[in-house]
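Me: Please take a close look at one part of this model for me, its buried interior, and follow it outwards to whatever it meets. I would like each cut-off spelled out along the way.

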Amino acid sequence: MTTRPARGRKAAGQSHDLDLLRGMLRIRRFEERCSDLYQLGKIRGFLHLYIGEEAVAVGAMQALTPDDNIVSTYREHGHALARGMPPTSLMAELFGKATGCSRGRGGSMHFFDAERRFYGGYAIVGGGLPVAVGLALADKMTGRARVTACFFGDGAVAEGEFHESMNLAKLWDLPVLFLCENNLYAMGTALDVSQSVTDIAFKAQAYGVPSRAVDGMDVLAVEAATKEAAASVRAGGGPQLLELRTYRFRGHSLADPELYRSKEEVERWMERDPIATFTERLRDLELLSDAGLQKLEEGVKGEVEGAVAFAEESPWEPVDDLLKDVTAP
Amino acid sequence: MTYRESIRSALRDALRGDQRVFLMGEDVGRYGGAFAVSRGLLQEFGPDRVRDTPLMESTFLGAGIGAALNGMRPIVEIMTINFSMLAMDQVLNNAATLRYMSGGQLNVPLVVRMATGGGRQMGAQHSHSLEGWYAHIPGISVLAPATVADGRGMLLAALQEPDPVFIMEHATLYPMEGEVDEASGPCDIRKAAVRREGTHVSLITYGACLWKALAAAEQLAKKGIEAEVVDLRVLRPLDSETFLASVAKTRGAVVIEEAWRTGGLAAEVSAQIMENAFDVLDWPVQRVGGAEVPAPFAKQMEDASLPQIEDIVAVVEANLV
């Protein structure tokens with residue numbers, strides 16, 4: 001579903017479309033490289049890939065200003081890249097290097113960037129929602145017109161903190177934009193195995209939070225929906241929720257043998273690959289040529305390889321600093 | 001002034017003095033606080049700064065974390081420490097962890113107050129002393145004000161800290177009368193305090209047990225035994241220096257707390273004495289702790305489950321002869 005007219009497009013629109021495509025490609029190629037580096041043992045710990053869900057992060061981020069707050073999950077590489085965090089600092093964090101965005105203290109699940117108001121990847125499912133509510137409470141109490149965008153997955157909807165946060169955000173009319181990435185599985189447990197009611201947008205409405213479901217495989221649909229919702233939140237209209245229906249093409253983490261879903265199901269969703277379909281759309285509209293696509297790919301490849309080189313060359317934090325930053329010095 | 005009024009005076013001064021400060025929790029506003037600590041504050045400061053929350057310990061504590069990250073100075077009240085178990089995910093995984101996990105980029109200047117402890121026949125879901133669980137966690141401070149003056153001074157001091165501070169108020173202390181300068185500012189929250197000097201034994205404790213230890217010391221004095229009473233005050237980070245200095249002087253120690261002995265804070269204090277002062281000890285460190293049972297309701301049973309003055313006296317006499 002796209003709402004953008006096919007004819008009469010201006011150069012600015014074309015440039016924006018290419019930015020969207022570049023943003024999604026950057027996430028895809030970055031993570032494909034991460035997967036390789038994980039096999040090589042350069043990246044350790046858990047690695048939860050966002051591949052397949054890129055349209056959500058890139059589309060949603062178009063609605064946010066640098067002054068807005070972002071709360072994310074353990075599957076946050078895409079959110080961080082779309083927010084403009086440098087791939088160098090993210091790759092270095094995945095390596096565990098001192099130049100990483102969390103100085104090597106966080107790893108894949110815990111990216112932070114205070115300057116960009118990226119308040120972190122939260123790896124206790126649902127645990128970021130109350131924090132987002134509090135960030136928004138501070139903005140409301142001080143009269144700032146900021147939006148707090150809070151990403152979480154369908155798994156979080158089963159947690160009490162989801163329901164508590166819906167209630168409190170609406171009760172106090174706080175400027176939170178809840179962005180539920182519904183990829184149909186909480187690790188290996190399907191939504192219909194864990195929820196008596198699988199309509200997530202409907203759950204938000206039970207708390208009086210306006211909500212709707214959006215095609216999370218269509219970057220333009222995500223952009224349009226988040227812009228509309230964020231404008232209302234920013235104008236003081238209280239919290240909103242978008243259920244972004246998407247799918248992860250890879251396993252839950254790289255340790256996942258994927259016993260809980262069929263290859264056919266994955267293939268069906270891959271036919272709706274947000275990058276392939278958007279690329280095709282731009283080609284059909286003659287907004288993107290082979291040469292143009294190649295240029296995009298090369299640019300992104302350069303960024304990713306630059307990030308890997310940066311991570312490789314970066315120093316480790318000295319072990320003497322082990323106790324640093326537990327509390328203020 | 002009572003302990004309750006002392007804390008209230010600090011809340012009032014903090015709300016008056018700093019627009020970033022607000023209080024939130026269950027029944028802190030219209031009801032006036034489950035223990036009447038915040039009575040009258042809603043009328044003075046309004047519902048924006050004295051916020052009644054729904055019953056959702058995890059989410060309103062988490063919201064306190066978020067507000068603290070975003071420039072505010074929230075004071076979160078949790079009705080009892082047993083209820084705070086519902087918020088432990090936010091305490092441990094977020095409040096205590098964000099500074100470290102973010103490589104020092106974030107800090108959480110959050111103050112959380114809660115009532116703790118037994119002795120009021122409140123049964124097994126309102127009476128426990130779980131301070132030791134909190135004191136186990138790096139990244140936070142844990143305070144146990146035992147005096148009326150500390151009730152005020154510690155709260156004012158906590159509000160100046162850049163990292164989370166948990167204040168454990170023993171529920172039996174709220175009506176206690178004591179001295180406090182109403183104009184006093186923050187007190188020290190790094191050091192333990194010697195509340196009574198003595199030379200024969202160190203009674204090391206905190207919270208409401210301080211008063212039992214002092215009473216035990218009076219009884220022992222009549223028998224010619226001079227006990228030194230150390231009020232830990234700060235349960236994390238422990239001021240080891242003060243209690244080790246006391247033990248170096250008295251050559252014997254009894255550690256007293258309401259909490260269950262297994263894995264308790266007294267075990268930590270005892271271990272530190274073994275590690276650092278073993279050579280000065282005339283007899284093994286002793287502990288007087290709570291019985292290893294869920295808090296019973298009936299008075300005689302609850303009394304038997306908690307450290308009592310005579311228990312402390314008996315332990316000292318049995319070891320000091």
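Reply: Here is a walk through the interior, with the cut-offs given as they come up.

This is a predicted model, so local features are described only at pLDDT of at least 70 and side-chain atom pairs count only at pLDDT 80 or more, while totals for chains, interfaces and linings use all residues. Residues are numbered from 1 along each chain as its sequence is written, with chains lettered from A and ligands numbered from 1 in the order in which they are written.

Let's start in the middle. The largest nonpolar core holds 193 residues, and A:Cys150 and B:Leu203 have the most contacts inside it. Helix H5 (residues 128-142) of chain A supplies the largest share of this core, 9 residues. Chain B takes part too: domain 1 (3-173) and domain 2 (193-320) of chain B both give residues to the core, so it lies between them. A core here means buried Ala, Val, Leu, Ile, Met, Phe, Trp, Tyr and Cys residues joined through C-beta atoms within 7 Å. Buried means 20 or more other C-beta atoms within 10 Å of a residue's own, exposed means 12 or fewer, and partly exposed is in between, with C-beta atoms placed from the backbone. Helices (H or I, at least four residues) and strands (E, at least two) are DSSP runs numbered from the N terminus, and domain bounds come from an automatic or database domain assignment.

H5(A) deserves a moment of its own. Its 15 residues reach 22 Å from first C-alpha to last, close to the 21 Å expected at 1.5 Å a residue (1.5 Å times one less than the number of residues). Of those 15 residues, 14 are buried, so H5(A) is largely enclosed by the rest of the structure. Just after H5(A) comes A:Gly143, with a positive phi of about 75°.

A:Cys150 ties back to this helix. Setting aside neighbours within four places in sequence, its contacts include A:Gly128, A:Leu129 and A:Ala132, along with A:Val176 and A:Leu177; a contact means C-beta atoms, placed from the backbone, within 7 Å. A:Val233, in helix H9 (residues 219-234) of chain A, also touches A:Val176 and A:Leu177, as well as A:Val147, A:Pro175, A:Pro239 and A:Gln240, not counting residues up to four places away. A:Val233 is buried, with 29 other C-beta atoms within 10 Å.

Elsewhere in chain A, helix H4 (residues 87-95) is mostly covered, with 9 of its 9 residues buried. They pack against helix H1 (11-39), helix H3 (77-83) and H12 of chain A. A:Gly96 follows H4(A) with a positive phi near 90°. In the segment after helix H12 (290-313) of chain A sits A:Ser314, which counts as buried with 20 C-beta neighbours inside 10 Å. Among its contacts beyond four places in sequence is A:Ala92, one of the buried residues of H4(A).

Now over to the other chain. There, 32 residues of chain B are in contact with 33 residues of chain A. H3(B) gives the most to the side of chain B that touches chain A, with 9 residues. That side has 12 nonpolar, 16 polar and 4 charged residues; Ala, Val, Leu, Ile, Met, Phe, Trp, Tyr, Cys and Pro count as nonpolar, Asp, Glu, Lys and Arg as charged, and the others, Gly among them, as polar.

Within chain B, the centres of domain 1 and domain 2, taken over C-alpha atoms, are 27 Å apart. Contacts between them join 23 residues of domain 1 to 22 residues of domain 2.

Finally, helix H12 (residues 309-320) of chain B: its 12 residues should span 16 Å at 1.5 Å a residue, and its end C-alpha atoms are 17 Å apart, which agrees. Its buried residues are B:Ile312, B:Val313 and B:Val316. They cover an arc of only 100° around the axis, which puts them on the same side of H12(B); the arc is that of the directions from the helix axis to the C-beta atoms. An α-helix has 3.6 residues a turn, so residues three or four places apart point the same way. On the other side of H12(B), B:Glu310 and B:Ala318 are exposed. The buried residues of H12(B) pack against elements of chain B including strand S8 (201-205) and helix H8 (209-222).

Key: Contact = placed C-beta atoms within 7 Å.
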